[in-house]
Amino acid sequence: MNNPIQVTQSSMPAFTDYIDEIKDLWESKWLTNQGAKHAQLELEIAEFLKTPNVALFTNGHLALEASLEAFGLTGEVITTPFTFASTTHAIVRKGLTPIFADINPHDYTMQTENLERLITEKTSAILPVHVYGNLCDVKEIERIAIKYNLKVIYDAAHAFGVTVNGESMANFGDASMYSFHATKVFNTIEGGALTFKDSNLKHVINACKNFGITGPETIDYIGGNAKMNEFQAAMGLCNLRTLHQEIAKRKTVYERYLENLSGMADITIPTIQKEVASNYAYFPVLFDSTKTSRDDIQHELMKHNIYTRKYFYPLINELECYQSKFTTNPTPVAQQIAQNVLTLPLYADLSLDAVDCICSLIKAKLNPKKIIVSKGDIFI
Ligand SMILES: *Cc1c(COP(=O)(O)O)cnc(C)c1O
């Protein structure tokens with residue numbers, strides 16, 4: 001490849017659309033602190049996610065921290081290590097103890113069979129992660145949470161816009177966190193949001209992201225600062241308009257990968273859950289480490305200027321900063337997946353020729369004897 005192919009590429013509106021959207025900021029001179037764009041984006045996201053309560057944040061991580069704060073959690077929070085560091089860091093940075101549950105071998109979300117065994121009298125919440133757009137076993141998690149009186153907060157950073165049997169994932173659990181980081185399916189440059197069930201929480205959640213301020217002369221909480229500014233919100237308004245098209249384009253890319261790679265003996269492709277309408281956030285592939293290591297594939301692609309990521313590796317419970325402080329239960333399934341998984345480039349404007357080329361390189365590495373025919377000038 002002459003031009004590098006990154007694992008992702010940010011979705012951006014037409015330049016003139018963004019300029020049109022931000023023009024009135026030069027008239028209002030109102031750049032942050034719950035401005036007009038912020039208010040409009042909250043409404044539009046509530047409509048898009050078919051959910052009543054939305055709070056925007058400057059990023060997903062601080063939204064997650066705010067949710068833990070707003071629920072006044074204490075003690076232990078059960079989560080999974082197969083995630084981005086943010087999930088567990090948020091728990092620890094709020095003074096809570098992470099307890100690691102293993103993941104399912106088929107969709108990489110929290111295993112529910114052994115979940116009850118991890119609950120102690122100190123447990124206050126479960127923080128499962130929707131992975132690659134696949135959803136957790138929300139019904140079983142809800143049953144357990146009710147039985148033990150626990151809060152459920154989903155890390156839904158990967159799942160913006162996903163529906164299950166037509167139902168929005170935003171309405172599961174007590175709250176869900178989304179990331180609108182530049183690399184996510186929907187972006188506001190940096191950004192994030194919480195959706196939550198109890199409307200009474202709006203007050204405290206908004207205070208958490210604005211120094212605890214609750215009125216002109218009242219500061220009721222020791223809050224931080226995590227407000228989304230008007231330029232971020234404007235980017236969100238533009239990107240939300242084209243999100244359905246972006247997801248449709250991602251789907252085409254995803255399906256091209258499937259056409260190329262499914263049925264190969266040395267590759268496992270995690271399937272999208274049947275009843276789920278995915279947002280096609282990632283294209284993860286597992287390699288059989290007894291034959292070809294995923295690291296070899298990654299290096300091979302890198303030689304051709306194609307960049308992949310090990311999402312998620314290393315596992316959070318294997319990080320030194322966790323092992324030295326917490327009892328990190330072994331999670332053998334997560335460990336096995338983390339050692340073999342590679343996420344391939346996927347974004348709306350990735351060309352199908354590029355997908356074919358990436359797949360040919362992978363196949364050539366797996367079956368070196370087979371002759372792979374190059375496509376036009378895609379090969380260097
Ligand atoms: C991106 C991501 C986050 C953090 O979101 P930011 O908006 O970057 O702060 C948290 N959890 C998961 C699973 C993510 O992928």
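Here a visitor asks a guide about a predicted model of a protein with its ligand.

Visitor: Why is Ile99 called buried?

Guide: Ile99 has a relative accessible area of 12%. Buried means under 20%, so Ile99 earns the word. You can find Ile99 in strand S3, residues 97-100.

Visitor: Which residues does Ile99 touch, leaving out those up to four places away in sequence?

Guide: Ile99 touches Glu76, Val77, Ile78, Thr79, Leu118 and Asn329.

Visitor: Why is Asn165 called exposed?

Guide: The relative accessible area of Asn165 is 66%. Exposed means over 50%, so the label fits Asn165. Asn165 sits in the loop between strand S6 (163-164) and strand S7 (167-168).

Visitor: And what makes Phe211 partly exposed?

Guide: Phe211 has a value of 40%. Buried is under 20% and exposed is over 50%, with partly exposed in between, so Phe211 belongs in that middle class. Look for Phe211 in the loop between helix H7 (202-208) and strand S10 (213-215).

Visitor: What is the phi of Asn165, and what is notable about the value?

Guide: Phi of Asn165 is near 45 degrees, which is positive in a residue other than glycine. Phe211 also has a positive phi, near 60 degrees. Most residues other than glycine have a negative phi.

Visitor: How do you know that the peptide bond between Tyr311 and Phe312 is cis?

Guide: Omega of that bond is about 0 degrees. Phe312 lies in the loop between helix H10 (294-303) and helix H11 (320-323). Pro314 is found in the loop between H10 and H11 too, and the bond from Tyr313 to Pro314 is cis, with omega near -5 degrees. Most peptide bonds are trans.

Visitor: What makes the pair formed by Asp155 and the ligand a polar contact?

Guide: A polar side-chain atom of Asp155 lies 2.8 Å from a nitrogen atom of the ligand. The cut-off is a pair of N or O atoms within 3.5 Å, so this pair qualifies. A polar side-chain atom of Lys184 is 2.9 Å from a ligand oxygen atom, and a backbone N or O atom of His61 is 2.8 Å from an oxygen atom of the ligand. The protein covers 91% of the 380 Å² of accessible area that the ligand has on its own.

Visitor: How do you know that strands S14 and S15 pair?

Guide: S14 (residues 283-287) and S15 are joined by 4 bridges. Pairing needs at least two, so these strands pair, and they run antiparallel. Pro284 stands opposite Thr343 in S15.

Definitions and conventions
Residues are numbered from 1 along each chain as its sequence is written. This is a predicted model: local features need pLDDT of at least 70, side-chain atom pairs count only at pLDDT 80 or more; totals for chains, interfaces and linings use all residues. Side-chain values use heavy atoms; hydrogens and water are left out. A polar contact is a pair of N or O atoms within 3.5 Å; within protein, one must be able to donate a hydrogen and the other to accept it, and residues adjacent in sequence count only if both atoms are side-chain atoms. Accessible areas come from the Shrake-Rupley method with a 1.4 Å probe; for residues, only the protein chains shown count as cover. Helices (H or I, at least four residues) and strands (E, at least two) are DSSP runs, numbered from the N terminus. Buried means under 20% relative accessible area, exposed over 50%, partly exposed in between (1.4 Å probe, protein chains only). Contact means heavy atoms within 4.5 Å.
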